[in-house]
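Visitor: I am new to reading protein structures. Could you walk me through one, feature by feature?
Guide: With pleasure; let us look together.

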Amino acid sequence: MTAISEPARPLRLLWLQSGGCGGCTLSLLGAEKPDLLTALAAANVELLWHPSLSEATGGEARAILEAVAAGDQPVDILCLEGSVINGPGGTGRFHLMAGTGKPMRDWVAAIARRAGYVVAVGSCAAFGGITAAGGNEVEACGLAYDGTRAGGLLGAGFRSAKGLPVINIAGCPIHPGWFTDTLLQIGAGTLTGADLDEWERPLAYTAHLVHHGCARNEFYEFKASAEQPGDLGCMMENLGCKGTQARADCNIRPWNGGGSCLDGNYACINCTAPGFEEPGHAFAVTPKVAGIPIGLPTDMPKAWFVALASLSKAATPKRLRDNAARPAPVLLPHDKRKDSA
Amino acid sequence: MSRLIVGPFNRVEGDLEVRLDISAGMVADARVVSPLYRGFEAMLVGKPALDALVYAPRICGICSVSQSVAAARALAATGSGPLPANGGLAMNLIHAVENVADHLTHFYLFFMPDFARAVYAGEPWHADTAARFTAVKGGAAQEFLPARAELMNLLGILAGKWPHTLAVQPGGSTRAVSRAELARLGALLAAFRRFLERTLFADALEAVAALSTRDALLAWAEAKADRGDFARFVAVSQAVGLNRLGRTDLRHMSFGAYPSSDGPLFPRGLFRRGVGGVLPVDRITEDVSHAWYQAAPDGAPRSPRDPGLPPDATRDDAYSWCKAPRLDGEVAEVGALSRQLVAGHPLPRDLVARDGATVEARVVARLLEVALVTMAMERWLRAIDPAAPFIDHTPLPAAGEGAGLTEAARGSLGHWVTLEGGRIANYQIIAPTTWNFSPRDAAGTPGPLEQALRGAPVREGEAEPVAVQHIVRSFDPCMVCTVH
C-alpha cells in the first residue's frame, strides 16, 4: 500500500512594489487558462502580502514586513515589482515606504536576504527599466543589475537561500504566463539555474525570439516592408521593430487572448532586454547606415543578410509587394486549380 | 489629540500614507502623503516627439491607455491631420475597456474586501459579505478575474496587448479590424454584458442606467434580495451608512470623455450644488507650497504649460511628492461621480443633492458608469466601417504646443506638451489622483481627500480606522499616476 504523502506546506509569497507603474501586477491579473488565483493554488503558493490584493493594510502590513525582515516569519518567494530607487544623492528618499519613513530599497535588501527565491517582476525590477530612462534622475536600478552592469541593489554575487540568483522576469509589462510558469516551476521545486538565460531570465519565454511565430514572417522573408504605422508588411526595415533580436515568445504565447505588439501593428521595442528604455533612436523609426538597418539579426553574418535580402527582394511575390504598405490586404492567397477547373 | 499614521495603505494603485489627527473619536485633520517620485516629466524632455507614446503609458499600469490617449491627443493638438472616424471609435473602445475594467477591479479587488473585515463580524450582513468579498479568497474575486481577463481579450485584438499598447496614435489606431474581427469583438462584448447582467447587476444594463433617484436605487436593490453584487453593496452601504461617510462639498470637474462627431459621451464641464458650468482649462495651475519641489522663482502657482520644477526632498514645510492642482485657485474633485454629475445623470445628482459627495455616491456612480459605457461600446462597435481608414498619417509639426485632456476611470487626466525641432521641450502631466489627493495649497486649503476625511469616525483602539479605509478607497486612487 502506498503511503498517502503529507500535502506540502504552501510556499509563502511576499510582493513589494517600488519605482514602477504597477502594470506587471495588472497584467498578471489577466492570467488565463488558468486564471491567477487558480494558478497560485496550483503552484501551492499563498500570499503573505500583496499591495493590490491583500486585506492587511497599514500597521497590519507593517507587522508582516517587520516579521519577515527579522526572520520571524519565513518567506519562500520575494517578488519586487518596479525599480529600486536610490535617489536623491543615494539617500533613497524618492521612495520612503509609507508608514515606515524608511527607504523601500532598505526593506527590499533586508527581506531579500531571508527569501528562498527572489524574483524581479518586470524590466524595472530586473534592470532599472523605464524608470531609469532619460537622465535617471531617481537613480533607479534593478535588483541584480544596473542596466547591463551586474550589481544593482543586491550585488552580482547574490544568491537567495535556495542558491539561485535573482530570477529576472523581464518585460514591460510581463506576460502573465511568464510569471505563472516560473511560479509553477518554483512550486514544483524544479526551477534550477539551467532554466535561466544569460540575464537570469526564465528560458520558458526567452528561448524564443519575438520573431518566432510572427504573423508577418512571410513579409520578412521577402523583405516586403511596412512604410507607415498600421501597414501589414514587416516592420524591421522602417518602423523600428526589434522582433528578430528580442527575446520573448510574444508571437507564440498570445497576449490578452490573441494579440501581440506586432499583431497590434506596432513595433517590438525589445522590452525584455536591459537598457531597452534608451534605444538611442526614436522607438518607431529604424536607424540605418547607407540605407541598411543597423539592427540586423545578431547571429547572422551581415554580408549574407544583405545578399539574401537583395535576392529575396527580387523574388517578392506580387501579393506581398502589394499588401505590405497597406492596412488591409488587396491580394489574397489563391488556389489556381479553381481557375482551371 | 492623538496622531495615527496609516501606511502602507494598500489596495490602492501604488504606495500611500495617510496621517491622521484624532480627537473625540473622529478624524480632526488629515494629511495625504504620496511617497514615491519617479521623474517622468524630466525623463521626457529631449525625446523625439512620438516617443512620448512609449513612455507616457508606462507612468501607470492601471490607466495605461488613458495616458496613451492623453499623450496622443496632446501630440495631435500640436497640429496633426483629421482623425478618421474609425480611429476615434477604436480609441474609444480601447479606452472604454480599460476604464470599465478599472471600475470593476476597484469594486471587486480594492473596495469591497474591507466589508469582510473582522471589525464587522457582529453585523447581520457580515457572514455573507465575507464569503463573497474576502480578499483573494472570496467567491466574487474568483468569478471576477476570469471575466476581467475575457474582457481584456478585446484589447488583444484592438490594441495588441494591455497594458502599454502603441496602437493609440495621434492619427488614430494602428490596428484596423476586419468584418470577421468585428464579429468576434461583438461576441466578447456580449460575454461581458452577460457577466454584468448575471453577476454584478442581476438585471439588464438598461434597467440600471434608468435608475434615477436614491429611493429608486434602494427599492431596486431591495427587490434583488441576495442577487447581484451591486445590490449587495447597496444593502451594506445602507447598513454602514456610506451615504454619510467621506462627504465633500467641492467643485466637480470633468474634462469630457469618449469624443465623437456627435460630441463626447460624457461632456466637459463643472458642477457644484446643482449648478453646471464651463471649465476654464487655461485657469488650471499647480501649487508646490506643501510638496517636495523647489518653489517657483516668483512663488506663484505654475501653469502646466510652463516647465516643471525640480524635486527638493529637503523641504521641511512639505509632506508629499504630489503637487496641488487648482482650478481658478480652488480645489476640485474628479472621478466617475464628478463625470456623471457634469453629464447630468439623475441618479448621482439625486444622491449628491441629498447627502453630498460621499463614499456611497462615488461607488454608485462608478457602477452606473460601467452600465452606461458598456452600452456605448456596443454602439461604437456597430459604427465601425471596416472598409474605411483607422489612422491618418499626417506627420506632426516640428514645433508646437498641445494639450491632451481626457478622463481616466478615476478622473480628469491632462498632458501638456511643447515640441521644438521635433523633440519634446516640455511635458507636464496632471493626473486624476493629483487633484483628489493633493496636499494643502499656499492658502492652507486641504485637498479633496483631506477634506473628506475630516469627521470620519474612529472606533476605540482602531489603528487603521475602517471608516478611513472606505473613504480613501472610495476615490479609487492611483498613486503611480499622482506623482509620475
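**Domains, burial and a binding site**

Guide: Let us start with domains. In this predicted model, the domain assignment divides chain A into domain 1, residues 11-206, and domain 2, residues 208-327.

Visitor: How many residues does each domain of chain A bring to the contact?
Guide: Domain 1 of chain A gives 20 residues and domain 2 of chain A gives 15 residues. On the domain 1 side, helix 5 (123-127) and helix 7 (203-206) of chain A each provide at least two of the residues that touch domain 2. Sorted by class, that side of domain 1 has 9 nonpolar, 9 polar and 2 charged residues. As for the domain centres in chain A, they are 31 Å apart, taken over C-alpha atoms.

Visitor: What secondary structure does chain A have?
Guide: Chain A has 11 helices and 13 strands. Its C-alpha atoms fill a box of roughly 75 × 65 × 35 Å along the principal axes.

Visitor: What share of the residues in chain A is buried?
Guide: Buried residues are 57% of the 341 residues in chain A. We can also ask how far apart in sequence the contacting residues are. Of the contacts in chain A with a separation of 6 or more, 69% join residues 24 or more positions apart.

Visitor: Now for chain B. Where does UniProt place the "binding site" feature?
Guide: The unreviewed UniProt entry puts "binding site" at B:E41, B:I429 and B:H484. These positions are spread over 444 residues of sequence, yet they cluster in space, with a largest C-alpha distance of 8.0 Å.

Visitor: Is B:E41 buried or exposed?
Guide: The general idea is to count neighbours: a residue is buried if 20 or more other C-beta atoms lie within 10 Å of its own. B:E41 has 22 C-beta neighbours inside 10 Å, so B:E41 counts as buried. B:E41 sits in helix 1 (residues 40-44) of chain B. Setting aside neighbours within four places in sequence, B:E41 contacts B:G308, B:Y427, B:Q428 and B:I429.

Visitor: And why does B:I429 count as buried?
Guide: The reasoning uses its neighbour count: B:I429 is buried because 27 C-beta neighbours lie inside 10 Å. B:I429 belongs to strand 14 (residues 423-430) of chain B.

Visitor: Which residues is B:I429 in contact with, leaving aside its neighbours within four places in sequence?
Guide: They are B:F40, B:E41, B:I59, B:H415 and B:H484. Among them are B:E41 and B:H484, which the UniProt record also lists under "binding site".

Terms used: Residues numbered from 1 in each chain as written. Chains lettered and ligands numbered in written order. Predicted model: local features only at pLDDT ≥ 70, side-chain atom pairs only at ≥ 80, totals over all residues. Helix = DSSP H or I, 4+ residues; strand = E, 2+ residues; numbered from the N terminus. Buried ≥ 20, exposed ≤ 12 C-beta atoms within 10 Å, placed from the backbone. Contact = placed C-beta atoms within 7 Å. UniProt positions renumbered as here; feature names shortened; annotations may be inferred. Domains from an automatic or database assignment. Nonpolar A, V, L, I, M, F, W, Y, C, P; charged D, E, K, R; others polar.
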